Amino acid sequence: MKYLEDVLIRPVISEKSYDRLEDNNAYTFGDTVNISGTLSDTLLTKNSTPEIVKIKIQGPSYYKNLALFPDRDLNFSTSLKLQQALGFKEGNYSVIVSYGDNIENLSFYIKPQIGKTWKLF
């Protein structure tokens, strides 16, 4: 996870150790994408009331909104199982994480599965 001094939300999509040589944001069907992050302490002093962490995931024919409450250490996390039966398709996906007026953008993509063949009878 890269930390920037002036970033108030620090989201990250999990890196897969076995896929490091290719692309850390590339996934295949059956993988699980973990989206997690940490809120800055300064967000709680700026906002008088606690807010929810909103996560919007959008891709080819896929759209999902999530709402999470950070834990007492200001961390949040969720996971997505990439299955075609759940509406996922190959292609690029954008992930927008927001807390109040603070927004961070992430992305990942689902790549084609190589070596799978289908027989039609």
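This note comments on the sheet and the nonpolar core of a predicted model.

1. Basis. Because the model is predicted, local features are reported at pLDDT of at least 70 and side-chain atom pairs at pLDDT 80 or more, while totals for chains, interfaces and linings use all residues. Residues are numbered from 1 along each chain as its sequence is written, and side-chain values use heavy atoms, with hydrogens and water left out.

2. Sheet. Five strands (DSSP runs of E, at least two residues, numbered from the N terminus) form an open sheet of mixed pairing in the order S2-S8-S7-S4-S5, where pairing requires at least two DSSP bridges between two strands. Its edges are S2 (26-27) and S5 (62-68), each of which pairs on one side only.

3. Strand S4. S4 (residues 53-59) runs antiparallel to S7 (residues 91-99), to which six bridges join it; there Ile57 has Val95 as its bridge partner, and Gln58 lies opposite Ser94. Seven bridges link S4 with S5, again antiparallel, and Ile55 faces Leu66 across that pair. The hairpin of S4 and S5 has two residues between the strands, and Ser61 in this hairpin takes a positive phi near 55°.

4. Core. The largest nonpolar core (buried Ala, Val, Leu, Ile, Met, Phe, Trp, Tyr and Cys joined through side-chain atoms within 4.5 Å; buried means under 20% relative accessible area with a 1.4 Å probe, protein chains only) has 23 residues, and Val53, Ile55, Ile57, Phe88 and Phe108 have the most contacts inside it. S7 gives the most to this core, with four residues.

5. Val53. Leaving aside residues up to four places away in sequence, the contacts of Val53 (heavy atoms within 4.5 Å) include Leu39, Leu66, Phe76 and Val97.

How values were computed: Buried means under 20% relative accessible area, exposed over 50%, partly exposed in between (1.4 Å probe, protein chains only).
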